[in-house]
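Q: Walk me through this predicted model. For each label, set the value against its definition.

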Amino acid sequence: MKMPRIDEFDRRILRALQRDSARSQRQLAEEIGMSQNACWRRLKALEESGLITGHTIRLDGAAVGLELTIFMMIRTRQHSSRWLETFRREVSAIPNVIDFYRIAGDYDYMLKVVAADMNDYDRVYQRIIAKVELEAVTSYTTMEAILNGRDLPV
């Protein structure tokens, strides 16, 4: 997809929405320094271009009982399209997996998993290894989130 050209007004809109997407269009237009209609047209154009992919909120994991964050590093010997399709489908079906990347380096995949506790994480681990053949899994448990869900620097 070709990225749209964006100017400083578009950047202001994007930065403001990353901080708080629940604000009204009137409030957004006032903060950006443009008319409500002009701001609305730009917002619609940013959405239609695919630059804005949704509007969400962030939850406090600990407040909802998901206090543990673990990064799973996965290595496999399997690289067929059939294996990859199965792996992607099975991992994507696990709600505790909140980020899922194919990576370069010593491992092939990295998953960010949230869990209530180590037993909850072990259920995720067991579910994955029961569905797909893996060569190695290394897990890193976080102790503190220093930066998490940071806004993109636009």
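Q: What makes β2-β3-β1-β4 the order of the open sheet of four strands?
A: The order follows from pairing, and two strands pair if there are at least two bridges between them. The four strands line up as β2-β3-β1-β4, with antiparallel pairing.

Q: Why are β2 and β4 called edge strands?
A: Each pairs on one side only. β2 covers 97–102 and β4 covers 136–141. From one strand to the next, the twist averages 20°.

Q: How do you know that β1 and β3 pair?
A: The cut-off is at least two bridges. Seven bridges join β1 (residues 68–75) to β3 (residues 109–115). Therefore they count as paired. The two strands run antiparallel. One residue pair to look at: Phe71 has Lys112 in β3 as its bridge partner.

Q: What makes helix α4 pack on the sheet, and which strands does helix α4 touch?
A: Contact requires heavy atoms within 4.5 Å. Helix α4 (residues 81–92) touches β1, β2 and β3. Its direction makes about 160° with that of β2.

Q: Which strands does helix α5 touch?
A: Helix α5 (residues 118–131) packs on the sheet and touches β1, β2, β3 and β4. The angle between the directions of α5 and β1 is about 25°.

Q: Why does Asp120 of helix α5 count as buried?
A: Buried means under 20% relative accessible area. Asp120 has 15%, so Asp120 counts as buried.

Q: Which residues is Asp120 in contact with, leaving aside neighbours within four places in sequence?
A: Asp120 contacts Leu66, Asn96 and Ala115.

Technical notes. Residues numbered from 1 in each chain as written. Predicted model: local features only at pLDDT ≥ 70, side-chain atom pairs only at ≥ 80, totals over all residues. Heavy atoms only, no water. Axes fitted to C-alpha atoms, helices over the stretch in contact; angles between N-to-C directions. Buried < 20%, exposed > 50% of the residue type's maximum accessible area, 1.4 Å probe, protein only.
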